[in-house]
Structure formats: C-alpha cells, structure tokens
Amino acid sequence: NAEVQDVHLCECFWHGHKNCRLFRLPKTNVEFWKNKIGRNIARDKKVISAYLDNCYRVAVVWECSITGKQKEQKLSKVTEEISLWLEEDLTENYREF
C-alpha cells in the first residue's frame, strides 16, 4: 500500500474537466484553447502517473466539487471524503473528488 499522499486541486476550465458546467471552450481562438487545454490534460496525466509509479496515493479535487452554492458544506463534505479515503480505502491509489 502507498504511504505517501498527494492532493491536486484542479480548476475545471484549465484542466479540461469533462462533462462539467465550468468547462467549455471559448468560442474564439478555438484551436489555441483546444491545444492549451489538451497540453494541460496531458501534463496532468504524466504527473499523476509519475506519482502513482512512485507509490503515492493521488486525490484530484475538482473546483466544481467545492465551489458555488453551499461551498462551505461542499468543502466540508469533500474534506471528509478525502480523509476517509486516505484512512480506510487502502486499495484505491487514485480518486477524483
């Protein structure tokens, strides 16, 4: 089991969060944005893979899961979920929140 943890906080737009209300490509300069967001996604995958290869447990917290209406409650819920995952679910080395 991995003993080291890493938590990434990702903004939905910049990291291309699929099926998210906060991620939509701008209508102007579309090719630029596709390439920019695509490079960010590729870099994220590479970084996360490196952490997992080195026995880290990686949690990705998406902006949409902790912002908006009732953000204090959302943040509290995600914090509790991460805590439980880190303490109890030792079989899963990667999880998105």
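This briefing describes the fold, packing, helices, salt bridges, pocket and loops of one protein chain. The model is a predicted one, and its secondary structure comes to two helices and three strands, which follow one another from the N terminus in the order β-α-β-α-β. Along its principal axes the C-alpha trace spans about 45 × 35 × 15 Å, and 29% of the 97 residues of the chain count as buried. Among the contacts in the chain with a separation of 6 or more, 66% are accounted for by residues 24 or more positions apart.

**Nonpolar cores**

- The largest nonpolar core is made up of eight residues, namely C10, C12, C20, I48, V58, V60, W62 and C64, and its largest share, three residues, is contributed by strand 2, which covers residues 56-62.
- A second core, separate from the largest one, has seven residues, among them V61, I82, W85 and F97.
- I48, a member of the largest core, is in contact with H8, V58, V60 and Y94 once its neighbours within four places in sequence are left aside; of these partners, V58 and V60 are themselves listed in that core.

**Helix 1**

- Helix 1 covers residues 30-53, and because its 24 residues at 1.5 Å a residue should span 34 Å, the distance of 34 Å between its end C-alpha atoms agrees with the expected value.
- The buried residues in helix 1 are W33, I37, N40, D44 and I48, so that the polar residues N40 and D44 appear in this list together with W33, I37 and I48.
- The cover over the buried residues of helix 1 includes strand 1 (4-10), strand 2 and strand 3 (94-96).

**Salt bridges**

- The count of salt bridges in the model comes to two.
- One of them joins E31 to K34, with the closest N and O atoms 3.9 Å apart; the two residues are three residues apart in helix 1, and therefore separated by about one helical turn.
- K34 has a relative accessible area of 44% and is partly exposed.
- The other pairs K77 with E81, whose closest N and O atoms are 3.7 Å apart, and both residues lie in helix 2 (residues 71-88), four residues apart, or about one turn of the helix.
- K77 counts as exposed because its relative accessibility is 55%, whereas E81, with a relative accessible area of 27%, is partly exposed.

**Largest pocket**

- The largest pocket has a volume of about 280 Å³, and of the 13 residues that line this pocket, H15, I41, K45, W62 and E96 are the closest to its centre.
- Helix 1, strand 2 and strand 3 are the elements that give two or more residues to the lining of the largest pocket, and the largest share of that lining, four residues, comes from helix 1.
- W62 therefore has a place in two of the groups described here, as a member of the largest nonpolar core and as one of the residues closest to the centre of the largest pocket.

**Loops and backbone**

- N19, in the loop between strand 1 and helix 1, has a phi near 55°, which is a positive value in a residue other than glycine.
- N19 is exposed, with a relative accessible area of 85%.
- C55, found in the loop between helix 1 and strand 2, likewise has a positive phi in a residue other than glycine, near 65°, and its position is just after helix 1.
- With a relative accessible area of 51%, C55 is exposed, because the cut-off for that class is over 50%.
- E92 lies in the loop between helix 2 and strand 3 and counts as partly exposed at 28% relative accessibility.
- Leaving aside its neighbours within four places in sequence, E92 is in contact with R57 and W85; R57 and E92 are 35 residues apart in sequence, yet their C-alpha atoms are 7.8 Å apart in space.
- W85, one of the contacts of E92, is also included in the second nonpolar core.

Definitions and conventions
Residues numbered from 1 in each chain as written. Predicted model: local features only at pLDDT ≥ 70, side-chain atom pairs only at ≥ 80, totals over all residues. Heavy atoms only, no water. Core = buried A, V, L, I, M, F, W, Y, C linked by side-chain atoms within 4.5 Å. Buried < 20%, exposed > 50% of the residue type's maximum accessible area, 1.4 Å probe, protein only. Contact = heavy atoms within 4.5 Å. Salt bridge = Lys/Arg side-chain N within 4 Å of Asp/Glu carboxyl O. Expected span 1.5 Å × (residues − 1). 1 Å grid on protein atoms, 1.4 Å probe; cavity = no way out; pocket = protein on both sides within 12 Å on 5 of 7 lines; lining within 4 Å. Points joined across faces, edges and corners; volume = space filled by probe spheres on them.
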